[in-house]
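Here is a briefing on one protein chain. Please keep the sequence and the 3D view open while reading.

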Amino acid sequence: MSRVLTVGAAQMGPIQLADARPEVVERLVALLRSGAAAGCDLVVFPELALTTFFPRWWVDDLADADHFYETEMPGPDTRPLFDEARRLGVGFHLGYAELTSAGHRYNTAILVERDGSIVGRYRKVHLPGHSEHEPWRAFQHLERYYFEAGDGFAVHGAFGGVVGMAICNDRRWPETYRVLGLQGCELALIGYNTPIHYAPDPAQDRLQGFHNHLVLQSGAYQNGMWVVGVAKAGEEEGCALLGESAIVAPSGEIAALCTTDGDELAVAEVDLDLCAGYTGTLFDFHRYRRPEVYGRITAQRGPEVPAGVRAALDDNVESTAEPEEEGS
Ligand code: CDT
C-alpha cells in the first residue's frame, strides 16, 4: 500500500494583539482550503496559531492573560476549522495555549485526523526564556511564566504512519528527535515562533535562519524521519519573527520551503517509506546504537554554567541593552 501523503506546511504571517480569534480562524480555514486544493492529506499550522505570541509581555496576574488560552478544543471559535477539515477530508496540526479545567497552562499542539477527530495532543517539553519580568529586554520571552512543561514525547498511529509532535524550542534539542525516533516516528510536526533578535546573545541574530534549518535537517537525517517545521512569521507587534518554514525529508534535504513572511502554504509529497532507507540501514537503531556505552550520563541534565562564564554573559547583556529612559 502506498504511504505517500501530501503535506502542507501552513506558515502564518503575524497575528496582532487586536486580531480577533474568529478572524484568525478564518485565515486557518483559508490555508486549509488551499491545502485541500493542492491535494493535501495534512496541513500543519504553527505554534500558538490562534493568538499573538503573548509571552512577549508581562502581566502581574496570570488570570489577566486567560483570554489567550483555550479551555476546550474544539471551542466555539475553533469549531469552524474542525468542521471544514471534516468536510474537506483534510487533517491538521494546530498549536495553541491550553488552560485545563484544573488550572494548568500548557503550550500545546494537537493532531486532528481527516474525520475531524483529535488523535494526539502534545505539551511543550523544552520551555525557553525566563519566568521573571526582565525589563532590560526589548521583548519578554516569558514562556516559563505562562506555561508548565509537558512530560513527554509520544507518537501516534495516524495518516497511515507514525506521527510525533514537538514545539518550537524542542526542535533545537537532539533528544526531541531521538526520543521520537526511538518510538518509530516517521513524521515529526513542529510549529515555531522564533524572534530574530535573541537578547541574551545578539550575535546569534544573523544565524536564526541557518540554525533553524540546521536543526530541522539534522534531526530528520539522524533519525530517518520526515520533519515539518512551520513558522508564525513576520513583524508581530514590532517583533520580527523568522519564517523559512520547511518540509525536510529523511535524507535531510529540504523538500518544500516557504519564501515569504506571510500566510503561505508549502506542499510536498511525503513518502513515509523513505524513512526505512535510513532507519533500516545507516541508522538501524536496534543494530547499531550502543546505549550501554552512552550510560547513565545521558539521563543527567548537564553541568551548570560556571559562575565566571555566567557573569561574563550577564555583563554582555547589560552592555548591549538599550539604556532605560529617565523616569521610565
Ligand atoms: N517559541 C519558542 O520556543 N521560541 C524559541 C525562542 C528561543 S529564545 C527565548 C525558539 O527556540 O525558537
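Which residues of β9 are buried on one side, and which on the other? W226, V228 and V230 are buried on one side of β9, and V227, G229 and A231 on the other. The model is predicted. The points below start from β9 and work outward.

**Strand β9 and its partners**

- Strand β9 spans residues 226–231, and six of its six residues are buried.
- In a regular strand, side chains point to the two sheet faces in alternation.
- Both faces of β9 are covered.
- β9 pairs with strand β8 (residues 187–192) in the parallel sense, over six bridges.
- Two of the matched positions can be named: A188 has V227 as its bridge partner, and G191 has V230.
- Between β8 and β9 the chain passes through helix α5 (residues 208–223), and this β-α-β crossover is right-handed.
- Strand β12 (residues 246–248) runs antiparallel to β9 and is joined to it by three bridges.
- Within that pairing, V228 stands opposite I247 of β12.

**The sheet that holds β9**

- β9 belongs to an open sheet of six strands, ordered β6-β7-β8-β9-β12-β13, with mixed pairing.
- β6 and β13 (254–257) are the edge strands; each has a single partner, so one side of each has no neighbour in the sheet.
- On average, neighbouring strands of this sheet are turned by 20 degrees against each other, direction ignored.
- Helix α4 lies across β6, β7, β8 and β9.
- α4 runs at about 160 degrees to β7.

**The other six-strand sheet**

- Another open sheet of six strands follows the order β5-β4-β3-β2-β1-β14, also with mixed pairing.
- Its edges are β5 (118–123) and β14 (264–271); each has a single partner strand, so one side of each is left without a neighbour in the sheet.
- The twist from one strand to the next averages 25 degrees.
- Strands β3 (residues 91–99) and β4 (residues 105–112) run antiparallel and are joined by eight bridges.
- Y96 stands opposite T108 in β4.
- Helix α1 (residues 21–37) lies across β1 (4–11), β2 (42–44), β3 and β14.
- α1 runs at about 40 degrees to β14.
- Helix α2 (residues 79–88) lies across β3, β4 and β5, at about 165 degrees to β3.

**Nonpolar cores**

- The largest nonpolar core has 46 residues.
- L187, L189, V227, V228 and I247 have the most contacts inside this core.
- Another core, of 24 residues, lies apart from it; M12, V25, M73 and F82 are among its members.
- V227 and V228 of the largest core are buried residues on opposite sides of β9.

**A buried arginine**

- R56 sits in the loop between β2 and α2.
- Is R56 buried or exposed? With a relative accessible area of 4%, R56 falls under the 20% cut-off and therefore counts as buried.
- The side chain of R56 makes a polar contact with the side chain of E236, at 2.7 Å.
- Leaving out residues up to four places away in sequence, R56 touches F139, Q140, E236, E237, C239 and L241.

**Backbone features in loops**

- A cis peptide bond joins M73 and P74, with omega at about 0 degrees.
- P74 lies in the loop between β2 and α2, as R56 does.
- M73, on the other end of that bond, is also a member of the 24-residue core.
- F159 has a positive phi of about 55 degrees, although it is not a glycine.
- The loop between β6 (155–158) and β7 (161–167) holds F159.
- F159 is buried, with a relative accessible area of 3%.
- C168 also has a positive phi without being a glycine; its value is near 40 degrees.
- C168 lies in the loop between β7 and α4 (174–181).
- C168 counts as buried at 6% relative accessibility.

Definitions and conventions
Residues are numbered from 1 along each chain as its sequence is written. This is a predicted model: local features need pLDDT of at least 70, side-chain atom pairs count only at pLDDT 80 or more; totals for chains, interfaces and linings use all residues. Side-chain values use heavy atoms; hydrogens and water are left out. A nonpolar core is a set of buried Ala, Val, Leu, Ile, Met, Phe, Trp, Tyr and Cys residues joined through side-chain atoms within 4.5 Å. Buried means under 20% relative accessible area, exposed over 50%, partly exposed in between (1.4 Å probe, protein chains only). Helices (H or I, at least four residues) and strands (E, at least two) are DSSP runs, numbered from the N terminus. Two strands pair if DSSP finds at least two bridges between them. A crossover is right-handed if, with the strands pointing away from the viewer, the path from the first strand over the helix to the second runs clockwise. Axes are lines fitted to C-alpha atoms, for helices over the stretch in contact, and angles run from 0 to 180 degrees between N-to-C directions. Contact means heavy atoms within 4.5 Å. A polar contact is a pair of N or O atoms within 3.5 Å; within protein, one must be able to donate a hydrogen and the other to accept it, and residues adjacent in sequence count only if both atoms are side-chain atoms.
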